[in-house]
Structures are given as structure tokens and as C-alpha cells.
Protein chains: 2
Amino acid sequence: MQKELLSYIAGFLDGDGCVMAQLVHRKDYRLGYQIRLSIVFYQKEQNVQFLEWLKTKLVYGYIRRRNDGMAEYTIVGADYTAKILKKLLPYLRLKRKLAEIVLEISKMPKKITPEDLLKYSELVDLTAKYTYSKKRTNTKSVVEDYFKKHKILSP
Amino acid sequence: MQKELLSYIAGFLDGDGCVMAQLVHRKDYRLGYQIRLSIVFYQKEQNVQFLEWLKTKLVYGYIRRRNDGMAEYTIVGADYTAKILKKLLPYLRLKRKLAEIVLEISKMPKKITPEDLLKYSELVDLTAKYTYSKKRTNTKSVVEDYFKKHKILSP
């Protein structure tokens with residue numbers, strides 16, 4: 001992609017995009033929790049064409065029309081999120097630090113150990129500082145409690 | 001300014017900036033109403049440095065810390081607004097049409113006739129379509145009523 005285009009998208013992401021790292025509870029997962037990385041853009045449904053244009057540039061992800069007049073373009077997954085953030089990183093300003101932490105998290109191994117999940121959960125907690133997230137229910141300490149309860153981390 | 005920088009700012013403006021054309025009532029004005037053009041960027045106060053950086057690039061306008069934890073960077077006036085929009089126009093996407101109308105309005109004469117004020121008020125009304133403005137109290141028809149009441153437009 002051209003530098004001008006990357007700059008534009010970085011500016012738009014800084015202004016109106018979301019970069020997220022979340023701990024998601026998964027009953028069927030060995031460790032009970034998964035780290036989900038994503039990038040999301042929201043627009044009024046009448047601007048869905050803009051999101052479609054954005055998707056032709058960023059390639060990954062999908063667009064969903066919600067039932068409240070909004071449309072969202074979501075890129076989920078460590079690999080896709082990292083591929084896009086790596087390209088945008090040199091041009092990001094407001095979300096650069098957040099993107100750097102999310103890129104660090106994206107290096108987590110596919111088959112993750114309990115110790116590693118806790119280590120990366122700490123970075124997930126750290127992103128809350130940059131996303132102004134008010135209510136995070138799943139944090140490192142929730143994962144720790146789950147591990148204790150399910151005897152996942154042996155001493 | 002570099003193309004990359006203009007692209008970034010255009011992306012940011014498309015995402016999180018406001019381009020406004022408003023009819024403002026002025027008791028001390030000959031015609032009772034003034035057309036105000038402006039560009040505004042809002043950020044949480046902790047990101048005020050970003051606005052300060054933006055101002056070093058766009059030069060005009062001023063930054064104000066509000067008392068609700070937000071900061072805003074405002075560029076007011078037809079000349080300043082037009083200078084900035086002309087530079088950003090080639091890179092704008094979501095707000096390009098809006099910027100074009102505001103640039104058209106910026107051509108209004110300094111010493112405006114009642115007929116011209118009505119003509120440009122129509123363009124101001126048109127911008128509401130692109131800003132999703134819900135409540136506009138001052139519209140062309142309000143100016144027309146004012147002109148009738150104060151016998152400003154002679155038949």
C-alpha cells in the first residue's frame with residue numbers, strides 16, 4: 001500500500017477506530033480463557049461504502065450491518081490484527097503505544113501454556129490504560145482465579 | 001505540508017473531526033445573522049498534546065481545555081477554515097462533499113447583501129445533511145423571517 005493511503009488509514013484509526021485486546025471466557029478451552037485481538041471501525045450505515053472501501057485496502061475482516069443504524073468493520077485474530085497494525089504503526093500517533101502492546105501480545109504462542117497466558121493477560125490489562133475502557137470484567141486476576149479453581153497452574 | 005501528513009490529518013478529520021457551517025444570531029449585525037465556518041477537533045484532555053501537535057501543522061485556531069475533561073482545538077472563520085480545507089480536500093473521503101460545500105460558502109463576500117446571505121444560508125442548510133445535525137435552530141427560513149420582520153429585504 002502507498003504511504004499516503006497508510007497515513008490516511010492511520011489518521012482515521014487514530015480518530016475513530018478501535019484497537020482491542022480482550023480476555024474472552026471459553027468454556028470449551030483448555031485454559032478457560034482466550035486472548036482476542038481485534039481492530040474495529042464503526043460508521044453510520046449510510047457510510048457503509050466507506051467501510052467497504054477500507055476493507056478492499058486492509059483485505060482481512062468482515063463488515064456487519066447492525067440493527068441500530070450502524071455498520072461495523074471488524075478484523076479479528078492475532079495474525080490479521082498484527083499484519084495490519086505493523087503496516088500502520090509508523091503512521092499512528094494517538095494509538096501507537098496501544099498498537100505496540102497489541103503487537104507484543106500478537107506474538108503469543110498458538111498453543112499457549114498457563115504461565116504464558118498469565119504473562120500476556122498482564123499486557124491485555126495494560127491496554128485498558130490506552131483504550132479508556134471503563135468496565136473490564138476479564139482481567140489477569142480473573143484468569144488467575146480460574147486457574148486456581150480448576151487447578152490449572154500447578155505450584 | 002507533506003502529502004503523508006495531509007493524508008493523516010484528512011483521515012483523522014474524517015474519523016473524529018467536525019467541519020461546521022452555522023448561522024449565528026448577532027444582535028449588533030446589520031443583517032442579524034452571520035455565517036460561521038469552523039473546524040473542530042475534540043480529545044480527552046490527556047491527549048491535549050496531540051491537539052497541540054496538530055496546531056503546529058494547521059497553524060490557525062486555538063486550543064481550549066473545557067471543564068469536563070475534554071480539550072478542543074477550534075479553527076473559526078471563513079478564511080482560516082478555507083485555507084485548511086483546500087489543503088485537505090484531495091485526501092478527504094467521508095467529509096469531502098461537506099468540505100466542498102463549506103469551501104463554496106467561504107467565497108461569500110465580506111460585506112454581504114441580504115440576498116447573498118439568503119443564498120449562502122441555503123448552502124448552510126445543505127451542510128446539515130452531511131453533518132447529521134439533529135437540531136438546527138437557525139436556518140435560511142429563520143433568516144428570511146428576520147428579514148421580513150425587520151424589513152431588511154425590500155421587494
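This briefing covers the pairing of two chains, a sheet in chain B and a helix pair in chain A.

The model is predicted: local features need pLDDT of at least 70, side-chain atom pairs count only at pLDDT 80 or more, and totals for chains, interfaces and linings use all residues. Residues are numbered from 1 along each chain as its sequence is written, while chains are lettered from A and ligands numbered from 1 in the order in which they are written.

**Confidence**
- Chain A has a mean pLDDT of 93, and 99% of its residues reach 70 or more; pLDDT is the predictor's confidence in each residue, from 0 to 100.
- For the complex, the predictor gives an ipTM of 0.92 and a pTM of 0.93.

**Chain A against chain B**
- Contact links 18 residues of chain A with 18 residues of chain B (C-beta atoms, placed from the backbone, within 7 Å).
- Helix H1 (residues 3-16) of chain A gives the most to this side of chain A, with eleven residues. Helices (H or I, at least four residues) and strands (E, at least two) are DSSP runs, numbered from the N terminus.
- A turn of 180° and a shift of 0.0 Å along the axis lay chain A on chain B with an RMSD of 0.0 Å (least squares on the C-alpha atoms of residues with pLDDT of at least 70 in both).
- That is the relation of a two-fold axis.
- The copies meet through the same surface, because 94% of the interface residues of chain A are also interface residues in chain B.

**The sheet in chain B**
- Four strands form an open, antiparallel sheet in the order E1-E2-E4-E3; strands pair if DSSP finds at least two bridges between them.
- Strand E1 (17-25) and strand E3 (62-65) of chain B stand at the edges, each with a single partner strand, so one side of each has no neighbour in the sheet.
- Four bridges join E3(B) to strand E4 (residues 70-76) of chain B. Ile63(B) stands opposite Tyr73(B) in E4(B).
- Helix H2 (residues 48-58) of chain B packs on the sheet and touches strand E2 (33-44), E3 and E4 of chain B.

**H5 and H6 in chain A**
- The axes of helix H5 (residues 114-131) and helix H6 (residues 140-149) of chain A come within 8 Å and cross at roughly 155°. Axes are lines fitted to C-alpha atoms, for helices over the stretch in contact, and angles run from 0 to 180 degrees between N-to-C directions.
- H5(A) and H6(A) are therefore roughly antiparallel (over 145 degrees).
- Residues of H5(A), including Leu117(A) and Leu118(A), meet residues of H6(A), among them Val143(A) and Phe147(A).

Note on methods. Contact = placed C-beta atoms within 7 Å. Parallel < 35°, antiparallel > 145°, perpendicular 65-115°, else oblique.
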